[in-house]
Structure formats: C-alpha cells, structure tokens
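Work through the exercises below with the sequence and the 3D view open. Each task is followed by a worked solution.

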Amino acid sequence: MNSERILVVDDEKLINWSLVEMLEDAGYMVDSATTGAEARSKFASFQPEMILLDIALPDANGMELLQEFKEQDEQVMIIMITANADLDSTVKSLKLGADEYIGKPFNLDVIEHRVRQILDKRRLKKQTTTTKRILRRQNDFDQLVGSSAKMIEVFKMTKICAESDCKTILILGESGTGKELVARAIHMHSSRADAPFIDVNCAAIPDNLLENELFGHEKGAFTDASQREEGIFECADGGTVFLDEIGDMPLAMQTKILKVIETRRYRRVGGRSNLEANVRIVTATNQDLPALVEQGLFRGDLYYRLNVMCIHLPPLRERIDCIPSLVEYFIGRLNAEYGKKVQGLEKETMAYLKQYDWPGNVRELRNTIERIMMLDPAPLLTPTFLPREIRHPNHDLITDQPVDSDTLVSTDSSGMGITLPPNGITLDEVEKMLIQQALLRYDGNQTKAANCLGMSRDTIRYRMKKFGLN
C-alpha cells in the first residue's frame, strides 16, 4: 500500500467522489474537501503530500490556494484541475508552483498515471536528499584525522568557516597536509552543500587560459570560440570555488579575482554584461604569501582580502601524535578498497613512522601505508617493506656495492627470518633474488615457482621479463 496522503479539493461532488475512489483503489490515503475553507482545514490536519485542486471553488480562488499551500509547504505536489483550460491560466499556475495542469473532462487512468509519476519523483528527490544528509554525517570531517591540539584548532576553524558562510577563506600549509580536504569539509558542512564544489589548480593551467577557465567566454571572443562556454564561477553558482595554489596565480589574473571578491561580479571573456558571482571562494597555497607580497609577486590588497578567515594546517612532523590515528584510518579505508584484512602495525613499524620527518606530510604517510599493505601479507605490518628513507633516514639512498644474497636471506626457526645487508637493499633486488631462488628450487618450472611465491604464472613471467631472467 502507498503511504502518501492525497487531498482532493473539488466542489463537483461526482468528480470529487470519482477521484477519491480511484486514488483509494490505487492504495493511497485520501481525504477530500469541497470548499476553500474546508481545504485549508484539511491541509493543516491531514498534511497531504499531494493536492488535486479545482481552480474554481464557491468560496475561494484555486490559484490563491495554490500559492497559499506552497508558501506553507514548498514540498507539497499540486495538480490543478479546471473546466476552462487556457494557456494563460496554465502558465500562471505553473509559475506559482503547480506540478501539473489538467482540464475537464479528464480520463481517470491518465490522472492516476500522472499522480504516480509525480509522487515517484517526489519520493526519489526525498531519498536523494536523505542520502546526501546521511553521507554528509558519515563524512563529518571524515578525512580530517588527528587528535593533537593543533588539529583540534583546525577542526574548530573549519566548523566556524562552514557555518559562517564567509565569502573568502585562505588555507595555508605545506604540500600534502590536506588543504583540499579542509576546503571540501567547509563546503560539505555549509548551507552551500547541495550546490557544486569546483576546484582548480592555478599552477596547472597556462596563464593565457586561466581567465577563460574561470569566467568562460562568449561566442566569437577568440578564433576558436565557436560557441559560448560557461566558466567555473558560473558552473559553481551557489556553491564553492576552490582556487588551489593561489600563490602561483599571475598578477593580471590576481587583479580580476580581487575585483570579483569586491564586487561579486565578473564578465565572460569577450562579454559586455556582468554576471553575479554567487560563490564562496576558498583559496590555498603552500607558499609564504607575505614574502611574495614583499617581492612584488602577489598583490597585497588581494592577500588582505583573502586573509579574512585563515586556517593553517600544521605539517605532520609537528603533530607526530596524530600518526597512530591516521594509520588506523588509512588501513580501514585501504582494507575496504582492496579487500584486505590488515589489523594494524607492529610496534617497531610504528616506531619507524614516528621518527621520520615526513617531508610529503599526510599524503606521503598514506602512500607508505598503501605500499606496505600491498607488499606485506602479515596481519600486523612489519618494517620489512618500509621505504629505505624511513628505515634509514640518515643513510644515502643509493649504493653501488653488489648485494650478496647470502647476507640478505637467513632462516630462523620459523623459516621466515630476513636479515638486511649493512648498506640496505631495494625491494626490486629482493624480489629478483627470491624469484631466482624459487626458479632454482623447482628447476625452472614457472608454475611451481609462482605458487611458491604466492603469485600467478602470468605475474612471475612479467617479473622475469622485468628483471631479465628469461
């Protein structure tokens, strides 16, 4: 049975009765009214999802009721019914928010079909909105992980920026600290969350194309402009534009962005009319903007306009105590992504991670966890597959000394012990020698060697070709 409530409002008793019977047979909850006063009372008490509303009632105008009901509940779906269907009244009712306009006499089957279509559309829209809200709660600063005092301040500022709807926000931090994640969190928890979030890397777009990318162009604005194209500001209407690497934006473009911030208007390339910039502008950079201002590479007035609300993301080396929670988060995400069942890290592995400086910040940590999860079959990840720069941060990364396989692999009582040579070794060298040993053990039988190493025959053949072992 359908759970939707439908109110039928028509002063012709036969039509009213016919519509009620048809809708009840279709499984809807139905109530009816024959006057405007009764319709108002039933609307308040019955709270319908849909109204079938006659345009001519003895004590009320259906158009006025339509507007009144829509003002009280903009989600209610209304089908207007009239004996005198004309273009003007149809257009007027649709402008006032009607979902359908049907003239008398009508076919009951047609009305049932349209009722079902409109309510299905309403139901789908409601489900979509609910799903978005659930996902937004589930992603509540989902990828911003950390428990240090500095990160708690970041969370507070992110929440303030999201709720305040301030028009410009500046995010500062080294590469890999998560500036885009903060920008997205601000957007997703703001009143603009249902509108677009569009990001653009100012350093990745050539200077002569950046204006066109941001503002779009009119037909004929330049040689290849065969038609009008919307820019990012236009596409993001009502939402957020994230200008990453703002410190690399050319001075000429900085002037135009400053004008957009100050006037909230812009023009397409080749255009003559102003367009409204109904967007929040979030910017980010890993550069020292005050230093760039002193060098004449960044406009001081733009810097001060951007710096109204500023969030500074600390580098990972300044919040080492966040590493365990970050690792736990990444393992959970990567387990789901790759179908693995990694439980965590050995204490020694975590110790290595905490003593490293992390020049690539959180991005480098995430890539490291992904790497060792792909290489280490153990439920608790060991230090064996950590990159050399993490295991030996003070040693040279390259050595020309030959590696003796006898010093690389030694066997303990479990048959799994591995001893590293004094100067270290690359994983490719380890893999090459293990494949050589497996092939030697099975007299060159690739299938048995592959099974021994836990890989497919195609994989070992690829590796043999890669290492020149064919």
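**Exercise 1: One helix and its neighbours**

The buried residues of H14 pack against helix H13 (323–338), strand S17 (344–345), H15, strand S18 (380–381) and helix H16 (388–391). Contact here means heavy atoms within 4.5 Å; helices (H or I, at least four residues) and strands (E, at least two) are DSSP runs, numbered from the N terminus. This is a predicted model, in which local features need pLDDT of at least 70, side-chain atom pairs count only at pLDDT 80 or more, and totals for chains, interfaces and linings use all residues. Residues are numbered from 1 along each chain as its sequence is written, and side-chain values use heavy atoms, with hydrogens and water left out.

Task: find which residues of helix H14 are buried, and why they line one face of the helix.

Solution. Step 1: apply the cut-offs, with buried meaning under 20% relative accessible area, exposed over 50%, and partly exposed in between (1.4 Å probe, protein chains only). Step 2: in H14, residues 347–355, the buried ones are Thr-349, Met-350 and Leu-353. Step 3: looking down the axis of H14, these buried residues fall within an arc of 95°, so they line one face. The arc is taken from the directions from the helix axis to the C-beta atoms. Step 4: the general background is that an α-helix has 3.6 residues a turn, so residues three or four places apart point the same way.

**Exercise 2: A pair of rings**

Task: decide why the pair Tyr-303 and Tyr-304 counts as tilted, and whether Tyr-303 is buried or exposed.

Solution. Step 1: rings of Phe, Tyr and Trp (its six-membered ring) pair if their centres lie within 6.5 Å; planes under 30 degrees apart count as stacked, over 60 as edge-to-face and the rest as tilted. Step 2: this rule gives eight aromatic pairs. Step 3: for Tyr-303 and Tyr-304 the ring centres are 5.4 Å apart and the planes stand at 55°, so the pair is tilted. Step 4: Tyr-303 has 13% relative accessibility and counts as buried, whereas Tyr-304, at 58%, counts as exposed. Elsewhere, ring pairs link Phe-215, Phe-233 and Tyr-266 into a cluster.

**Exercise 3: Ile-160**

Task: place Ile-160 in its helix and state how far its C-alpha atom is from that of Ile-186.

Solution. Step 1: Ile-160 belongs to helix H6, residues 149–164. Step 2: its relative accessible area is 43%, so Ile-160 is partly exposed. Step 3: Ile-160 and Ile-186 are 26 residues apart along the chain, and their C-alpha atoms are separated by 8.7 Å.
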